[in-house]
Amino acid sequence: MKDYFKNVWLGVWTALIGMRITIDHLFRKNVTVQYPNVHPKDKAGWMDMPSNARNRLYVDMDECNGCNSCARACPVNCISIETVRSVPGDAPPPLASGGKRNLWVSQFEIDFTKCCFCSLCTEACPTGAIVMTTEFEYSSYNRYDLVYNFVKLQNSMSDEKIAEVKEKWAEHQKEKKKEAVEPK
Amino acid sequence: MEDLLFYLFAFVVIGSASVVVLSKNIMYSAFSLLFTFFGVAGLYVLLFADFVALTQIMVYIGGILVLIIFGVLLTTKITGVDIKSGTTGKVQLITASVVVVIIAISLILLFTNVEWVNQEFVQPNTTIDSIGFAFMTKYLLPFEIAAVLLLIALVGATLIARRK
Amino acid sequence: MGLLNRLNDPIGLDGIIFGTVEDLLNWGRSKSDWYLQFGLACCAIEFMAVNASHFDMMRYGCIPRSSPRQADFVIISGTVTLKMADRLKRVYEQMAEPKYVIAMGSCANSGGPYWEHGYHVLKGVDRILPVDVYVPGCPPRPEALQEGLILLQKKIRMEEIFRKRKRLAEEDLANQMNYK
Amino acid sequence: MEEANFVFNMIGENWIAFAIISLLPMIFLLAYALIAILGELKISAFIQERLGPMRTGPWGIIQPVAEVVKLLQKEDITPDSANKPLFNLAPFIMFAASYAGFAVIPFSSYFVPSGINLGLFFLLAVGSLGIIGLLMGGWASNNKYSLLGGLRAVAQIVSYEIPAAMVILTIAVMAGSLDLQEIIRQQSGWFWNWFVFGGSGGWIKIIFLPFSFIMCIIYIIASLAETNRTPFDIPEGESELVAGYHTEYSGMKFAMFFFAEYANMFIVSAIITIIFFGGWNSPFGDFMGGPIWGVFWFVSKAFVFVFLQIWLRWTLPRLRVDQLMYVSWKVLLPFSFVCFLALSLLVMLK
């Protein structure tokens with residue numbers, strides 16, 4: 001009997017405690033960040049983007065030497081790089097940081113629908129061309145818009161240039177073959 | 001206007017009651033009882049018996065109809081099997097129709113032969129008082145006996161339920 | 001501008017009457033998006049974060065519904081395994097039109113880390129459902145999901161209701177002409 | 001019955017007056033539903049330190065309008081294997097049952113749609129009508145969750161109707177009437193004449209004050225259960241049954257269920273207001289009294305209880321089924337018996 005009344009009292013009392021807590025919260029200042037108005041990249045945001053934030057990748061094509069390290073490091077194989085070897089005498093322009101380049105990078109595609117943003121490619125990159133940015137707003141209506149070809153995006157090589165370079169390399173190969181065959 | 005309402009309610013009662021009887025789906029029968037009870041409540045209202053009408057709604061719809069539906073839901077296998085009433089065989093049909101026709105004919109004869117007294121009806125302001133007085137004075141014994149009966153039924157039901 | 005142009009042909013499907021009605025209907029649908037409570041994998045954690053106080057999905061008029069019949073859109077938040085794909089498709093089919101899909105995270109977009117060797121993973125939820133907005137990220141930031149949500153609302157605002165029927169009829173006619 | 005409806009006073013007792021009187025609560029109900037939906041969203045948000053809808057109009061105040069526009073154009077699904085007539089009928093019965101309650105609610109001393117002298121009993125009776133709608137919808141959906149939700153709802157409502165009926169019986173004893181206007185008139189004057197404070201009377205009522213207060217709490221708890229609100233929302237508990245009895249409903253039919261739930265919320269709040277908190281009476285004697293202020297007092301008192309329901313919803317967790325039955329049969333019912341006896345004694349002493 002005593003337990004019964006104690007139980008009833010406990011039920012009522014705990015409900016009242018809960019109600020006191022919620023009414024207390026009702027008049028507290030809210031903590032919501034209104035995203036499109038308050039942007040995390042602004043300092044005014046409740047927390048700005050951390051320095052090691054892993055978001056959209058960026059490839060500086062002026063720095064890329066087409067070594068394919070990033071593609072090999074990528075655990076999900078979302079980077080596909082196509083390179084064309086340069087013929088002697090027609091070397092690509094040197095890297096912005098000063099290194100030599102032997103390869104024309106004709107295609108540098110990152111599929112952001114596959115990327116798992118692990119940042120391994122940025123560590124593998126010898127020239128620091130591929131970096132993680134703080135950009136995260138790139139949702140799209142079309143899945144293929146999320147496949148970024150940085151060559152096209154930065155216009156580092158035009159289509160004609162790629163075709164020309166490819167042709168040159170093919171000719172070079174042919175000549176080499178001919179040279180290899182002729183001496184016999 | 002009251003005539004119109006009367007015919008409306010009468011139509012609802014008769015229509016839904018015939019669905020109750022004729023429908024092969026027990027659920028339809030059970031749910032159309034709702035309209036039957038409701039129409040009867042409406043008829044009570046037209047007779048200025050508002051307390052009885054509300055009791056009709058509360059007890060029959062809120063209590064008994066729910067119990068009926070519960071009973072139907074919980075006693076029959078619902079999955080895979082259509083819930084059908086089993087009393088639509090030919091023998092039963094013929095017997096029932098004969099009985100119904102006899103009763104109907106006798107009722108009609110009764111209604112047409114009786115001399116009805118059309119009394120001027122006084123609309124009572126409230127019916128609760130008179131019902132209460134009637135229960136506590138003239139009909140005290142039946143009232144108490146009914147209460148005792150219900151109590152016995154309650155105890156018996158509890159006993160049956162506890163035994164298992 | 002838009003409103004004044006509509007005065008040229010007031011009772012046309014682009015006119016001020018149907019055009020405004022269409023705007024109102026689109027506005028209602030875009031501002032009141034009820035989402036299905038449907039979390040699949042790690043993206044669901046970020047999805048929950050968006051629901052919680054800091055980001056507050058309800059600001060966009062999104063109310064959680066647990067029954068697909070009452071939901072307007074579903075956020076595919078995480079890896080869709082082949083086993084789940086059946087269920088997901090069924091849940092989507094149970095939703096009432098108009099319905100929308102947001103694919104959140106790499107796994108939902110294209111199979112993500114499992115796109116090559118995942119024998120058990122659906123390679124992109126758009127193989128079974130018509131996806132409206134793709135939100136990249138693994139998982140996306142809560143803000144990224146909110147951006148996807150805003151994009152979805154924009155898309156709903158741009159939808160054609162009256163014109164669509166006319167356009168479809170025209171296309172049908174053109175197809176028939178070509179066929180002949 | 002004796003004091004006329006203001007509509008009758010203005011245009012006489014004719015068809016137009018009846019039409020207006022039956023439509024007025026509907027208009028009120030529509031406005032109330034919009035406010036209550038917004039209130040639910042906003043209060044829930046503020047309790048969780050969120051903001052709630054913000055992007056539909058200034059501070060999201062036209063969010064409910066958007067919801068209505070959306071629900072109007074949603075596809076109306078009737079599942080293939082559902083029982084179509086019953087499935088389509090259920091929301092209407094549900095809504096009709098809750099709208100019927102508005103027939104006797106006195107908004108002011110000069111406006112009550114139908115001033116029958118059995119108002120309280122009518123409300124109790126009509127409250128049980130919605131059960132059939134629930135059960136019908138739950139069964140006709142041909143979905144196990146719907147069926148379980150419907151059965152749970154009915155079991156819950158039927159068992160909580162008994163404490164509620166005990167409370168109403170007590171009020172009938174205290175007021176000596178079932179007429180809502182009469183009950184309210186007995187509580188006129190200052191707020192200590194309200195039935196929650198033992199009704200009007202001498203100092204003897206101070207002894208019985210706890211009993212009437214407990215009665216009020218019992219009715220509030222029972223009314224929460226009857227409207228399927230948290231903490232008694234096991235019929236639509238998302239964690240167990242997808243959405244309970246309205247799992248298969250979409251579009252307008254779901255909106256009717258939704259609407260009926262909010263109408264029920266208002267009805268039970270109005271009953272609490274009428275039987276315990278003096279209805280349209282001003283709490284301060286004649287200050288701000290009169291029929292027009294009566295509407296204000298009535299609606300604002302009722303809104304306090306709607307707010308209480310929303311507040312409780314975002315405070316308490318859902319009860320288990322056995323706990324639910326425990327609360328009804330083992331706690332509320334004995335307590336209401338004791339309070340009934342005590343308050344009857346008070347009536348005898350007065």
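The legends below describe close-up views of a predicted model with several chains.

**Figure 1. Overall confidence of the predicted model and the spacing of chain B from two other chains.** The predicted model scores ipTM 0.79 and pTM 0.83. For chain D, the mean pLDDT is 83, and 98% of the residues of chain D reach 70 or more. Two pairs of chains are not in contact. Chain A and chain B do not touch, and 22 Å separates their nearest C-alpha atoms. Likewise, chain B and chain C do not touch, their nearest C-alpha atoms lying 21 Å apart.

**Figure 2. The fold of chain C.** Chain C contains seven helices and five strands. When the sequence is followed from its beginning, these elements appear in the pattern α-α-β-α-β-β-α-β-α-β-α-α. Chain C has 180 residues, of which 53% count as buried. The contacts within chain C can also be sorted by distance along the sequence. Among contacts between residues at least 6 apart in sequence, 72% join residues that are at least 24 apart.

**Figure 3. The surroundings of C:F38.** C:F38 is found in the loop that runs between β1 (34–36) and α3 (43–51) of chain C. Is this residue buried or exposed? C:F38 counts as buried because its relative accessibility is 11%, and the cut-off for buried is under 20%. Leaving aside residues up to four places away in sequence, C:F38 touches C:F47, C:V74, C:I75, C:S77, C:M84 and C:L88. One of these partners, C:F47, has a residue number that falls within the range of α3 (43–51) of chain C. A further residue for orientation is C:C107, which is 69 residues from C:F38 in sequence. In space, the C-alpha atoms of C:F38 and C:C107 are 15 Å apart.

**Figure 4. The contact between chain C and chain A.** Chain C contributes 33 residues to this contact, and chain A contributes 28 residues. Interface size can be expressed as an area: it is often given as the accessible area lost when the parts come together. Between chain C and chain A, about 2,600 Å² is buried, with 58% of it on carbon and sulfur atoms. How many salt bridges are counted between chain C and chain A? The count is one salt bridge. It joins C:D126 to A:R143, with the closest N and O atoms 2.8 Å apart. In addition, 15 residue pairs are in polar contact between chain C and chain A, both residues of each pair being at pLDDT 80 or more. On the side of chain C that touches chain A, the elements giving two or more residues are α5 (105–110), β5 (133–135) and α6 (142–157) of chain C. The largest share of this side, nine residues, comes from α6(C). By class, the side of chain C that touches chain A comprises twelve nonpolar, ten polar and eleven charged residues.

**Figure 5. A:T32 and its partners in chain C and chain D.** A:T32 belongs to the loop between α1 (2–26) and β1 (57–59) of chain A. A:T32 is buried, because its relative accessible area is 12%, which falls under the 20% cut-off. Which residues does A:T32 touch, not counting residues up to four places away in sequence? They are C:S53, C:H54, C:F55, C:D56, C:R59, D:E49, D:R50 and D:L51. Two approaches of the side chain can be described in detail. The side chain of A:T32 reaches the backbone oxygen of C:S53 at 2.9 Å. The side chain of A:T32 also reaches the backbone nitrogen of D:L51, at 3.5 Å.

**Figure 6. The contact between chain D and chain C.** In this interface, 33 residues of chain D are in contact with 31 residues of chain C. The area buried between chain D and chain C is about 2,700 Å², and carbon and sulfur atoms give 57% of that area. Four salt bridges are counted between chain D and chain C. A salt bridge links C:D72 with D:K70, and the closest N and O atoms of this pair are 2.5 Å apart. Across the interface there are 24 residue pairs in polar contact, with both residues at pLDDT 80 or more. The elements that give two or more residues to the side of chain D that touches chain C are α2 (15–47) and α3 (63–73) of chain D. Of these elements, α3(D) supplies the largest share, eight residues. The residues on this side of chain D divide into 15 nonpolar, nine polar and nine charged.

Methods:
Residues numbered from 1 in each chain as written. Chains lettered and ligands numbered in written order. Heavy atoms only, no water. Contact = heavy atoms within 4.5 Å. Buried area = accessible area lost by both parts, 1.4 Å probe. Salt bridge = Lys/Arg side-chain N within 4 Å of Asp/Glu carboxyl O. Polar contact = N/O pair within 3.5 Å; in protein donor to acceptor, adjacent residues only side chain to side chain. Helix = DSSP H or I, 4+ residues; strand = E, 2+ residues; numbered from the N terminus. Nonpolar A, V, L, I, M, F, W, Y, C, P; charged D, E, K, R; others polar. pLDDT = per-residue confidence, 0-100. Buried < 20%, exposed > 50% of the residue type's maximum accessible area, 1.4 Å probe, protein only.
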